[in-house]
Amino acid sequence: MTGGADTALRLASVTVRYGERTALQDVDLEVPRGQFLALAGPNGSGKTTLLRAALGFAVPGVGHLELFGDDVQTLSVVERARRVAWVPQDESPRDDVPVLDYVLYGRYAHLGWLEGEGREDRDAATRALRAVDLLDRADDGILSISGGERQRAILARALVQEAPLVLLDEPTSHLDIAYQIDFLTRVQDLSRERGVTVVAALHDLNLAARYADRIVVLSRGRRVADGAPTAVLSEELLARVWGVVADLRRDPRTGAPYLLPHHLVAAGAAVPGAFLGRGPVHVVAGGGSGAPYLRALTEAGYRVTAGALHLLDSDLEAAEGLGALTAVEVPFAPLGEEVRSKLRTLLDAATAVVVAPFPVGPSNLPNLEEAARCLGRIPILLVRRPAGVEWDFTGGQAHALEERLRLGGAREISDVGEMLAALAPSSGSPPS
Amino acid sequence: MHLPGASAAPRASRLRGSVVWLAVILIVGAGATAVAAAAYYESRSNCAAGTIKVTDDLGRQDCIPANPQRVVVLGPSIMDSMYRLGLRNLVVGVDCYAPDLGGLSDDYSADQIALWNLSSSMCVQTGPTFDVETLIALDPQVVLAATIVSVADVEQISQTYHIPVVMIQPSTLEGVVADEELLGEVFNVPSAAGTLITTLEATLTEAQDLQSRLAANETAFPSVIVTYSTDSDGYWTFGPGTFGDSLIRLASGTSISSNASLPYPELSGEQVLASNPAYLVYGTGFGLNESSFTSAPFWSQLSATQDGNAVGMDSNYFTEPDPTMVLIGLPQLIGILHPGASL
Amino acid sequence: MGDPSATGNHRTRSIRRRSWVLIVLLTLLGLGVFFSPLLGTVQIPAVTVLRILLFRASGGALFPDPCAGAAVPASGCAGLIEIVWDARLSEIMLAVVVGAALGISGGTLQGVFRNPLADPFLLGLSSGGTLGTAVVVVFRVGVGEQNLLLPLFAFVGAIATGAVILAAARSRFGSVETLLLTGVALSSFLSAVLSLLLLYSPSGSLQVDFWLLGNLGSLDWSQDGIAFGVVLIAGALLATYGRELNLLQLGSDVAQSLGVDARRVRVRLILLASIATAAAVAFTGIIGFVGLVSPHVVRRVAGNDYRVVLPGAALVGAGFLLAARDLSLAVFPGTLLPIGIFTSFAGAPFFAYLLFRRRQVSTMGGA
C-alpha cells in the first residue's frame, strides 16, 4: 500500500488522549479507495474518536492521519469538507428547514464567497435525493419527516458534498429494522457502484458482517482484529472483546457470518483477554464434574474450552460463565455431526486436555473418542474416578476408552492442584 | 474522481477576514484623526468680525456675538446672576424637564418662578440634554449652561448649529465672583457687574472678618450638620469639595462631614448621634419641610433638635453656586450658627 | 418522478419569496423615512415640512418661499428650515443607522450563540461603552471636543470589551459557553468599576443614567456620515455570512464537517457585530429591545434562513427605531423622551406576543 492518493484514509501510529484517558493507542490503519470498512468495538473502544480524528476534530498526540495522501491537520476546513463527508450519530436540527435546503447545505464547500446555488448544485441535490428516495419530500420540513427519513436526508447531504470518503458514526442506531436494512443497502451501493470509500462505525456486528467488505475491531483504543468478516468474527473475539458468550453461525443466503449472543461472561470471572499467552486447555466434562477444574484453570490464567456438553448441564453454565468456548448439544440427544465437528475444532486448537470424572452415557461417549484422538499430540490429564461411584453407562465402552487413554500416555491426576502442577511448563509438558 | 486541491473558497474567506480587521483599524484611526483635527482647527481659528472670543469656566473658547439680545439659560444658578445683573429681559429660554412632565417646577422653585417671571413657554426641555428643535426655534445668540448639562451635548450644539455656548460652572465661591465678571464681559454691562461684584466681595470679607474675630477670641467654631435629605439609613449631607461644605466653613462652622470620603455622603444615624452637632440645618424647598426629616434615625435624641437648634434653610442656598448663595445663604447660615454676631 | 426542474422551481420560488420580504420591508422603511420628518418637538404644518424638504433637496429651485402661510418662530423661516433639514433629517438618519446596526447585530449574535434571547449587548459591550462615556464625563476629558470624544471613547470602550471576548473566542477555550461566561464576568466587573467611578460625581451619574436610557439626537452631517459608513461596512460584511450562520445552527462539528471553520467564523461575526453595535451606541447610548426583537419579526415572516434574517433584521430594526421615535412624538408632543424607554414599551409586549404565538414545530424551537 503506497499511502498516497489511492489510500482514502491512513492512520500512522495514531495516539489520541483526552486528558488522562487514552482513546486511541498506537493505531495503524490503511483504507484503500472504494472499500466499505466497518469499525466495530464496544462503547469507549475508540471508534468515534477515530472518526473524529479523520475529520480533524481530534488532534493526535502521536502520529498523524492522511486523507488521500495529505495530512489532515494541514488541510483547510474547506479542503477537508471536499474530501470527507460525515454522517454523525445523532443530529437534532432545531429549525424546520426544508429538506431540499438541508441537503443543499452540503454544497457549501463547492461554493464561492457570494456565489449562490446554481444549476449544478441543484442537480446534485436532486440526484442525491433521488438516490435516497426522498425527492417527493423535498419541500417538507426536516423536523416533520420521520427519523429514518431524516437519516436518509443527512446521507443525501453527505452525497452532495461529493466527497470520495464518507464516514458514518452509528448511522442506524436510531432506526427501526426496515430502515436499517434500507440505509445500509444504499450505503453499500454507494460503495460498490460509485467507488465511494465508506468507513462506518457499527455496533451491530451482524449488520457489519453482512454489508462491509472489511471489519476492524477496536478494543480500548487498540486495533485487535482486522480483515474480512468471515475471518474476523469469531466466538472467541466476542467473548474476549465484548465479554459476551455467543454462537457463530453462517447466513445461508449471504454466506456472511452472524453471531447469536447468549449471555454475558459472569462478573468475577477472570477477564477474557487477560490470558497469559498460554494456549487453551480443553476440559471434557459433564454433570458438574468439570466445574472446579474449569474454574481453577481460568483463575490460573489459562484459556479454557469445554465440550461437548448438553444444555441444562451445570458444567455448561460454569463453562459459559467463564467465557469458555463450548461445543453444545441439545439435552439428552446424541452428539450431532456439527457438534462433533466443533468439538474437533476445539481439540485441535487445544494445548492440553483434562478429562473430568463425568458420568458417561451413549450420548456423550464420543467426547472420550475425540479425546483419544489427541493422544500423542498434546498432554491428556485424566482425573481419577472416586471409588464406588457408578459412572459407566455405556456397557463398558467408556471404561475401555479411558483404559486406552491411560495406556496411550494420559496422566492420572487426583485433583486441581495436581492438574495445575502437571500443566506448568517446568513439568515437561509440550510447549503451548 | 479527481481530488480537490487548494480552491478558491479558502482564498476568498481569507480575504474577507483581512477586510474585516482592516475596517476596524480604519474606523478607529479615522475617529481619532477627526478629533485631533477638530481640536487643532478650533484652537487656531479666529473669531469673525462682530464677535468676541470668550473662555468659559471649563476652559472652552467660543465666539460670542457682541451685545447678544437673545439668551438661553440652562440652570437656575445662572438665572440668578442674569436677574441681578438686570439682564432678565434678554433671557428667552430656560431649562426644565419636559413641559408635560414636571416642567419648570422641577428645576425652579415657586419663588424663583415668580421672582424671575418664568413661564413654561420658555422651556427648552432638558435633563442632561435639551431639545434641539425648540432651541433653534428660539433663535438664541448664546447659550449659558451650568453643571447639570452634558458637556458633549452643548459642544454638539455649538459646532453643529453654530450657537455659541458658555459654560458657567464655578467650582469655588471665588469662582462665583469671577463668573459675574465673565458675564459682564459677555453682555457688556461692566458697571452692573462691578456693583454686584463689590457686594459679593463685601459679604465674603465680612464673613472672613467674623472668622478672624472668633479665632482671636479662641471661640470654637460650632459643629453643624447640613442635611438635604434623610431616610431610614441616615442623613445625606455635603462632603469635602462641595459648595455646601465651603459655605459652612466660611460661616465659621465645623461640618461633621468635612472629612467624609465622598462628596455627597450619607452619614448613618449612629455617626450623627456620635458627633452630636450643635446645630442641624435641614434643606427646604421643592416640597420638603421639617416633617420630611423628623423620621430620620435618632432625630429626637440629637441635642441640636432638643435645644431647638434644628433650623430649615432653602436647600438651593447650598447647591446652586450663584450670588444668592453668597448674599442670602451665607448670612443666614452665619445668623444660625452665631446668633448675636453682627455682620 | 421529480426531475431537476422540480427542485429548480422550488429554489426559484424560495429565492423570490426571500426577495419579496426584503422589498416589502424596504418599502415600509422608506415610507417611515418619508413621514417621519413631519413629526418633531416643534409643531410645523405638514405642508410646510414638505415644501422645506423639496426646497432644500432641489437646491433652492422649488418652493423658494417654503414657509409661506405658516406661523414662524423667532428664528424665522431659516430656523424652520434648519429644524427640518438639519435637525430632523439628521435624527431620522441616525435612527435608521442605529436601528439597522442593532437589528443585524442582534440577528448575528442569535445565530452565533444559537440562542433566541441573544441581543447585541450579550457580550458586555454596553458596560464597556458606558464606562468609556463615564470616563469622559467624570474626568472632563478633552473639554472643547467632547462631542467627538464622547462617541469615540464609547466606541473604544465597547470595542475593547469585544476584543477581550474575541481573545477568549480565538483561544482553545473558544466554546460558546466560554464566550458567554466571559461576557457576563466582564460585564459585572465593568459595572462595578462604573459604579465606583460615579460615586464621586453625582452630576456625572445623572448624565450616565441618561445615556443608559438611549437617546436619539441630531448630529453633524459628518458624524452621521461616519456612523453610516461604519455601520454600512460592518453590516454589509455581516450580511454575506448568511450561509455560514445557517450551517452553524447545525452545531459546530457538523458545520465544520461541511466546510465552515466554526471558530474562525464565530470570531469574525462577533467582531463585526461588535463594531456595528459599538458604532451605533457611541452616538445614542444603550437602546434595548431593537436588537432582540427585530430578527424575530423577520423569522415570523420569512423563516430562519439567515440570508434573509440578517438584512431583514437591519430593515426592521431601522423601522422599529424610527417608529419608536414617531410614536414618542405623537404620544408626548413637544418632548423627545429617551428613546430606550419607548423601545422597551413597544418591545416587551411585542416579544411576549411572539413567544405566545410560536408554533409547535417552529423557528428556534427548543433550548
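## Working through chains A, B and C

Of the contacts in chain B with a separation of 6 or more, 64% link residues 24 or more positions apart (a contact means C-beta atoms, placed from the backbone, within 7 Å). The model is predicted, so local features need pLDDT of at least 70 and side-chain atom pairs pLDDT 80 or more, while totals for chains, interfaces and linings use all residues. Residues count from 1 along each chain as its sequence is written, and chains are lettered from A and ligands numbered from 1 in the order in which they are written.

**Exercise 1.** Work out how much of chain A and of chain B is buried.

*Step 1.* Start with the yardstick: buried takes 20 or more other C-beta atoms within 10 Å of a residue's own, exposed 12 or fewer, and partly exposed is in between, with C-beta atoms placed from the backbone.

*Step 2.* Chain A has 432 residues, and 48% of them pass as buried. Its C-alpha trace spans about 95 × 45 × 35 Å along the principal axes.

*Step 3.* For chain B, the buried portion is 44% of 343 residues.

*Step 4.* Now add the elements (DSSP runs numbered from the N terminus: helices are H or I of at least four residues, strands E of at least two). Chain A has 15 helices and 18 strands, and chain B has 12 helices and 13 strands.

*Step 5.* In chain A, 66% of the contacts between residues at least 6 apart in sequence join residues at least 24 apart.

**Exercise 2.** Find which elements build the side of chain B that touches chain C.

*Step 1.* Count the residues: chain B puts in 46 and chain C 47.

*Step 2.* On the chain B side, the elements giving two or more residues are α1 (8-44), α4 (132-138) and α5 (151-160). The largest share, 15 residues, belongs to α1(B).

*Step 3.* Sort that side by class: 27 nonpolar, 12 polar and 7 charged (nonpolar is Ala, Val, Leu, Ile, Met, Phe, Trp, Tyr, Cys and Pro; charged is Asp, Glu, Lys and Arg; polar is the others, Gly among them).

**Exercise 3.** Describe how α4(C) packs on α7(C), then do α3(C) with α13(C).

*Step 1.* Helices α4 (residues 125-138) and α7 (residues 202-213) of chain C pack at about 150°, axes 10 Å apart (axes are lines fitted to C-alpha atoms, for helices over the stretch in contact; angles run from 0 to 180 degrees between N-to-C directions). That angle puts α4(C) roughly antiparallel to α7(C) (under 35 degrees is roughly parallel, over 145 roughly antiparallel, 65 to 115 roughly perpendicular, the rest oblique).

*Step 2.* The crossing of α4(C) and α7(C) is right-handed (near helix turned clockwise from the far one by less than a right angle; anticlockwise is left-handed).

*Step 3.* Who touches whom? From α4(C) come C:Thr130, C:Thr133, C:Ala134, C:Val137 and C:Val138, and from α7(C) C:Gly204, C:Gln207, C:Val208, C:Trp211 and C:Leu212. By class, that's 6 nonpolar, 4 polar and no charged residues.

*Step 4.* Over to α3 (residues 76-112) and α13 (residues 306-331) of chain C: their axes come within 7 Å and cross at roughly 140°. These two helices are therefore oblique to each other, and their crossing is right-handed. Their contact has 17 nonpolar, 8 polar and 1 charged residues.

**Exercise 4.** Place C:Val298 in its surroundings.

*Step 1.* C:Val298 sits in helix α12 (residues 290-302) of chain C. It has 28 C-beta neighbours inside 10 Å, so it is buried.

*Step 2.* Skip neighbours within four places in sequence, and C:Val298 contacts C:Val308, C:Val309, C:Gly312, C:Ala313 and C:Val316. C:Val316 is 18 residues away along the chain, with 7.5 Å between the two C-alpha atoms.

**Exercise 5.** Track down the backbone oddities in chains A and B.

*Step 1.* Recall the norm: most residues other than glycine have a negative phi, and most peptide bonds are trans.

*Step 2.* The bond between A:Gly307 and A:Ala308 is cis, with omega about -10°. A:Ala308 belongs to strand β14 (residues 304-310) of chain A.

*Step 3.* B:Asp139 has a positive phi, near 55°, in the loop between α4 and β6 (142-145) of chain B. With 19 C-beta neighbours inside 10 Å, B:Asp139 is partly exposed.

*Step 4.* B:Glu218 also has phi near 55°, and lies in the loop between α7 (190-216) and β8 (223-230) of chain B. B:Glu218 is exposed, with 6 other C-beta atoms within 10 Å.

Terms used. Contact = placed C-beta atoms within 7 Å.
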